[in-house]
Amino acid sequence: MKLYQSVGPNPRVVLFFLAEKGIEIAREFVDIRAGDNRAPAWLARNPRGAMPLLELDDGSLIGESTAICEYLEELHPDTPLIGATVEARAATRSALRYIDHSLVCPMTNGFRSAEGLEMFQDRMLCVPEAAAGNKAYAQEGLARADRMVSGRPYLAGEAFSLADIVLFCWSEFGAMVGQAAPEALTHFHDWRARVAARPAASASADPKIGIDA
Ligand SMILES: N[C@@H](CCC(=O)N[C@@H](CS)C(=O)NCC(=O)O)C(=O)O
């Protein structure tokens, strides 16, 4: 098994997940800033081009960060990060879908159509006139996340989960690209401090850690 990874919040989600579980797998760094993931040879293997990508021993590929985490969770159920019970798994997946729709999608589109336009405009549809609106949706998503962690430690309840990893990686990215969570979101910032204190948060910060140059 081999993980292809790069800079960016989606690969960080998988690195965070691996670090939480203490799983070691072979990894290769792909330079998405240079467009290596969009080279014809790469696209022939992986038409979406996006990182991260998990290659299984039989050569088949799994794309999409949360699908990769679901796969790894099934192989390594301890420590559970998607839920130890049917109800806990439903709660994690509910929070995940909510965060994906209300935060990840608009934050991505807001970034790619503004600060990221130069990198992305020849790779995919970018709509600069929609950037401000998408950023506003993402801010609303952060405000919703603040309400979700009001009165409970984590997004899906008492247990830290993949939903927290996704929100953390994306809100850290947002803070770097002009889409930070306002200080007034105190529940969010208390939650953020709890997640940032986990060793896996720092272990996942550098996508090149543990990879030979
Ligand atoms: N929905 C996908 C998104 C993957 C994605 O867009 N990854 C970014 C890095 S965060 C990427 O590869 N960008 C470069 C490109 O698409 O050329 C996932 O969850 O894995």
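Helices here are DSSP runs of H or I at least four residues long, and strands are runs of E at least two long, both numbered from the N terminus. Counted that way, the protein chain in this predicted model comes to nine helices and four strands. Read from the N terminus, the order of elements is β-α-β-α-β-β-α-α-α-α-α-α-α.

As for overall dimensions, the C-alpha atoms of the protein chain fit a box of roughly 50 × 45 × 30 Å along the principal axes. The radius of gyration is 17 Å, which agrees with the value near 17 Å that a compact globule of 213 residues would have. Buried residues account for 40% of the 213 in the chain. Of the contacts with a separation of 6 or more, 68% are between residues 24 or more positions apart.

The chain splits into two pieces, domain 1 (2–80) and domain 2 (86–201). Their C-alpha centres sit 20 Å apart, and the contact between them takes 11 residues from each of domain 1 and domain 2. On the domain 1 side, α1 and α3 are the elements that give two or more residues. Helix α1 has the largest share of that side, with seven residues. Sorted by class, the domain 1 side that touches domain 2 has six nonpolar, four charged and one polar residue.

Next comes the interior. In soluble globular proteins, nonpolar side chains tend to be buried together. The largest nonpolar core in this model has 51 residues, and those with the most contacts inside it are Phe17, Ile99, Leu103, Leu162, Ala163, Val166 and Leu167. At least two residues of this core come from each of β1 (2–5), α1, β3 (53–55), α3 (65–75), α4 (86–112), α6 (131–148), α7 (162–176) and α8 (186–196). The core also draws on both domains, with at least three residues from each of domain 1 and domain 2. Val166 gives a close-up of the packing: setting aside neighbours within four places in sequence, Val166 is in contact with Val13, Thr66, Leu96, Ile99 and Val104.

Then there is the ligand. A shell of 15 residues surrounds the ligand, and the closest are Gly8, Asn10, Ala50, Met51 and Ser65. Helix α1 (residues 9–21) supplies the largest share of this shell, three residues. By class, the shell is made up of six nonpolar, six polar and three charged residues. Met51, one of the closest residues to the ligand, is also joined to Pro52 by a cis peptide bond, with omega about 5°. Pro52 falls in the loop between α2 (40–45) and β3.

Two other spots have backbone geometry worth a look. A second cis peptide bond links Asp78 and Thr79, with omega about -15°, and Thr79 sits in the loop between α3 and α4. Glu64 is not a glycine, yet has a positive phi of about 80°. Glu64 lies in the loop between β4 (61–63) and α3. With 15 other C-beta atoms within 10 Å, Glu64 is partly exposed, because that count falls between the cut-offs of 12 or fewer for exposed and 20 or more for buried.

The loop between α7 and α8 holds a nice contrast in burial. Gln179 is found in this loop, and so is Ala184. Gln179 counts as buried, since 23 C-beta neighbours lie inside 10 Å. Ala184, by contrast, is exposed, with 9 other C-beta atoms within 10 Å. The surroundings of Gln179 can be spelled out: apart from residues up to four places away in sequence, Gln179 touches Met107, Gly110, Lys135, Ala138 and Gly174. Among these partners, Gly110 is 69 residues from Gln179 in sequence, with 8.9 Å between the two C-alpha atoms. For Ala184, the pair with Pro77 is 107 residues apart in sequence and 37 Å apart in space, C-alpha to C-alpha.

Key. Residues numbered from 1 in each chain as written. Predicted model: local features only at pLDDT ≥ 70, side-chain atom pairs only at ≥ 80, totals over all residues. Near = placed C-beta within 6 Å. Nonpolar A, V, L, I, M, F, W, Y, C, P; charged D, E, K, R; others polar. Rg over C-alpha atoms; globule rule 2.2 N^0.38 Å. Contact = placed C-beta atoms within 7 Å. Core = buried A, V, L, I, M, F, W, Y, C linked by C-beta atoms within 7 Å. Domains from an automatic or database assignment.
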